[in-house]
Structure formats: structure tokens, C-alpha cells
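Reader: I've got a model open and I'd like to quiz you on the labels people put on it. Can we go through them one by one?

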Amino acid sequence: MDNPSHRTGHRIGCACCIAAPSSLSRRQFVAGAVAFGSASVLQGGRALAQGRGLIDTHHHFYPPRYQKLWLDYEDAHKQPHFPGQVAWSKAKAIEDMDAAGIRTAMLSIASTPGVWFDLGADQASELARECNDFAAEMMRNDPGRFGLFATLSMLDTDKTLREVEYVFDTLKADGVGLQTNYGDKWLGDAIYRPVFDELNRRKAVVYVHPLVASCCAQLSVGTFPAAIEVPHDTTRTITSLLLSGSFSRWRDIQWLFSHAGGTMPMMAGRIQSFYSTRPNLHQFAPDGIIGELRRLNYDTANATSGPAMAALLKLVPTSQVTYGSDYPYFRLDQMRDLEQLGLSASDLKAIGSANAMRLVPRLAT
């Protein structure tokens, strides 16, 4: 893999839901559909019929060239293909969303290796643009079904800043999707400051997805690297952002971290014990260590087990948790798991859609 840390100059190291009971007349149903937005209702199909209208904030997509590069990369690295990814298509995604009660899916590019693929900064930036244009077309063609956390290559500062301008001003993206590190430089690294300064100015949603850091793949003790290293890399990048003062500096960014924050719910107390007595605490953590972590947002993707959710909800209030699936790697109907945990109806509604609508207000229309 091309190591971004070797680069120089400005380059960066590497429907609402409505039920349609049979007792309603056709005229009543049509009137209701119009009132709630006929396009979303008609396209929502079974999702709306189930009365759930979930918003999935962790949902991957595969433009044709990106898909081929990804599968070729896995072949070259002797990694198995996920059947759900191989079978991915927009039509199948919508069919699966309807079956699981997903009204809207927020699109983002998947994990390792992002848009690098040994392409270098120029071609990685071109691939990021191609992926963002593809996702924007999905949004246009199926109104209400998709949102976009746009991809940034982060390998070259100037190119990345131009892509930030393009995705927000031209594509009207809902936020950006970043990886936890680029060439073993985690997001708290000072080299990313110009990009985050601009994202903060725009009060952007910054969704962060983990990958297997090139430094650490051999630490997985015989497991598939994503099983252990992916959640740990989320913890690494949150910690780097915390200790570097990034959360303090960029107060207007709305951060959203995958997989319940990785291992952060279990590590938060330990990090606090090491750093809460630092003389400069209020410079890098104005609300204290735990207070800063409670300000962040976390999705539930592949983290809906009882212990995982118990740890997360001890760290943060329900208002900071969004529903995520990690489709197509994991099933879309993980809300069933949450419904077995004894959460209140209001908490389930908040996680299922309301918190996402707070982060991305257009989703409420």
C-alpha cells in the first residue's frame, strides 16, 4: 500500500412512517401519502408499512470501479470476500432496506483501504470524487432513501479542501466520512488541521469509520483483523482527537463514531485516570475527559449486544446514539436486538431516527 506518511509539501500523511390499514379508503390513503411526501412513502414500501422508518447512519455502497478495486485488493491480500458485498446493488440495497424498515440510509465508503489502493494522492482523490458523484446520483434517483457522508481521500490537503467545497456546495452532502487513520496518522495529528478547520467552519457532521491500521494487523492473534483491530482503531483516533485538543478546538463539528465507539466505553475510565489530573486539562478537555466523550455521537453497528450497549449507555445519554447496521457486512434489522434490551419506546425512537434527524435536519422533512 502506498504510505501517505512518505508524502511531502501540502500532502497529508497517509416518511416518517404511516401504516395503511385495510380500513382506510384508497382516497384516505393517497391523501395521507401526499401529506407525508408521496415519493418517500411510495418508495418506502414495506419499511413504511412496518411503521418503523429507521435511519441507518452506517451503510456502505460500491460504485463499479471501487467495487472492482476492492475485490482485487482482497484477492491480492488473500482476504475472503463478503457475499453481501459481492452481491451489492442499489436495487438490492433498497429491497433489503424495505424489508428491515429502513427509511433512509446514510451512504459511506467502507473500511480498509478506503480509496487508496496504491493509487497515490491524485488518483485517490479522483476515486473519491467518482464515489461521491455515484452516491449523489443514488440520492437524486431515489429521493428520501439515501443520504451521503462524502468520502475524502485526506492524502493531499489542497485536493481534500477542494473536495470538501465540492461535496457540500455542489452535491449537498450531509456530512463527510473519514477513516480513523491515514498511513498510521490518526485524526488528532496536526497535519489534518486545515481540513478540520474548514469542516468546523461549515459545522459539518464528521462520520468516522475504523480500519485496520498498517502498524497493527499482526496483533489480531489469529483472528480476522477486523474482529479486534477495527474497534481498537476507533478508540485510538478518539483518544488522539481528545488529547490533541481537537475536540476543544473544533467545537462546531458534530462527530459520529462507528461501532459504539469501538472499545472506548470500556477504556474511558482508564483514560480519565491517566489524564484528568493534567495541569492543562481544561485546554484540551474543557468539559473533562468523560464530559468530552459524552458530547460525541456513536452508532450501534454490530454493537447491539447487551454488554456493548450497557457500556455505551453508561458513558453517554441515549441522545448521542444513532442506529447503524454496517450493511452489507451485517444484517440491516439489528433494531430487533435493541428491542430486546428493555429500552423505553422513547429511547428506541431516538436511536432509530430522532437522533439522526438532529444531526441531519433535512432527514426530518
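**Salt bridges and what they tie together**

Author: Let's start with a charged cluster: a network of salt bridges links Asp169, Glu198, Arg201 and Arg202. Bear in mind that this is a predicted model.

Reader: How many salt bridges turn up in the whole structure?

Author: A full search gives 21. One of them joins the side chains of Arg145 and Asp98.

Reader: What makes Arg145 and Asp98 a salt bridge?

Author: The distance from N to O is 2.9 Å. The cut-off is 4 Å between a side-chain nitrogen of Lys or Arg and a carboxyl oxygen of Asp or Glu, so the pair qualifies. Arg145 sits in the loop between α6 and β3, while Asp98 belongs to helix α5 (residues 90-100), so the contact ties together parts 47 residues apart in sequence.

Reader: Are those two buried or exposed, and how do you know?

Author: Buried means under 20% relative accessible area. Arg145 has 1%, so it counts as buried. Asp98 has 12%, so Asp98 is buried too.

Reader: Why is the contact of Asp287 with Arg251 called a salt bridge?

Author: Their side chains meet at 3.3 Å, N to O, and the limit is 4 Å, so the label fits. Asp287 is in the loop between α12 (281-284) and α13 (288-295), and Arg251 is in the loop between α10 (246-249) and β6 (254-257), so this pair ties together parts 36 residues apart in sequence.

Reader: Why are Asp287 and Arg251 called partly exposed?

Author: The partly exposed class lies between the 20% and 50% cut-offs. Asp287 has a relative accessible area of 44%, so it belongs in that class. Arg251 has 28%, so Arg251 belongs there as well.

Reader: What about Glu292 and Arg295: what makes them a salt bridge?

Author: The closest N and O atoms are 3.8 Å apart, and the cut-off is 4 Å, so they pass. Both lie in helix α13, three residues apart, so about one helical turn separates them.

Reader: And how do you know which of Glu292 and Arg295 is buried?

Author: Glu292 has 0% relative accessibility against a cut-off of 20%, so it is buried. Arg295, at 29%, counts as partly exposed. Glu292 has company in α13: Gly288, Ile289 and Leu293 are buried as well. The buried residues of this helix pack against α9 (225-243), α10, α11 (264-275), α12, β7 (297-299) and α14 (306-315).

**The sheet**

Reader: What is the strand order, and why are β1 and β8 called edge strands?

Author: The eight strands form an open sheet in the order β1-β2-β3-β4-β5-β6-β7-β8, with parallel pairing. β1 (54-60) and β8 (321-322) each pair on one side only, so they are the edges.

Reader: How do you know that β3 pairs with β2 and with β4?

Author: Pairing takes at least two bridges. Strand β2 (residues 102-108) and β3 share three, in the parallel sense, so they pair. In that match, Met106 has Gly147 of β3 as its bridge partner. Three bridges also join β3 to β4 (residues 175-179), again running parallel. There, Thr151 stands opposite Gly177 of β4. To get from β3 to β4, the chain passes through helix α7 (residues 157-169), and this β-α-β crossover is right-handed.

Reader: What makes β3 an enclosed strand?

Author: Six of its six residues, 146-151, are buried, so the rest of the structure largely encloses β3.

Reader: And what makes β5 and β6 a pair?

Author: They have four bridges, and at least two are needed, so they pair, in the parallel sense. Val206 faces Trp255 of β6 there.

**The nonpolar cores**

Reader: Which residues touch the most other members of the largest nonpolar core?

Author: Phe196, Leu199 and Trp255 do, out of 82 residues in that core. Helix α6 (residues 120-141) supplies the largest share, nine residues. Beyond its neighbours within four places in sequence, Leu199 contacts Val164, Phe168, Val176, Ala204, Val206 and Ile253.

Reader: Which residues does the second core include?

Author: Ile55, Val205, Leu359 and Val360 are among its ten residues, and this core is separate.

How values were computed
Residues are numbered from 1 along each chain as its sequence is written. This is a predicted model: local features need pLDDT of at least 70, side-chain atom pairs count only at pLDDT 80 or more; totals for chains, interfaces and linings use all residues. Side-chain values use heavy atoms; hydrogens and water are left out. Buried means under 20% relative accessible area, exposed over 50%, partly exposed in between (1.4 Å probe, protein chains only). A crossover is right-handed if, with the strands pointing away from the viewer, the path from the first strand over the helix to the second runs clockwise. A nonpolar core is a set of buried Ala, Val, Leu, Ile, Met, Phe, Trp, Tyr and Cys residues joined through side-chain atoms within 4.5 Å. Contact means heavy atoms within 4.5 Å.
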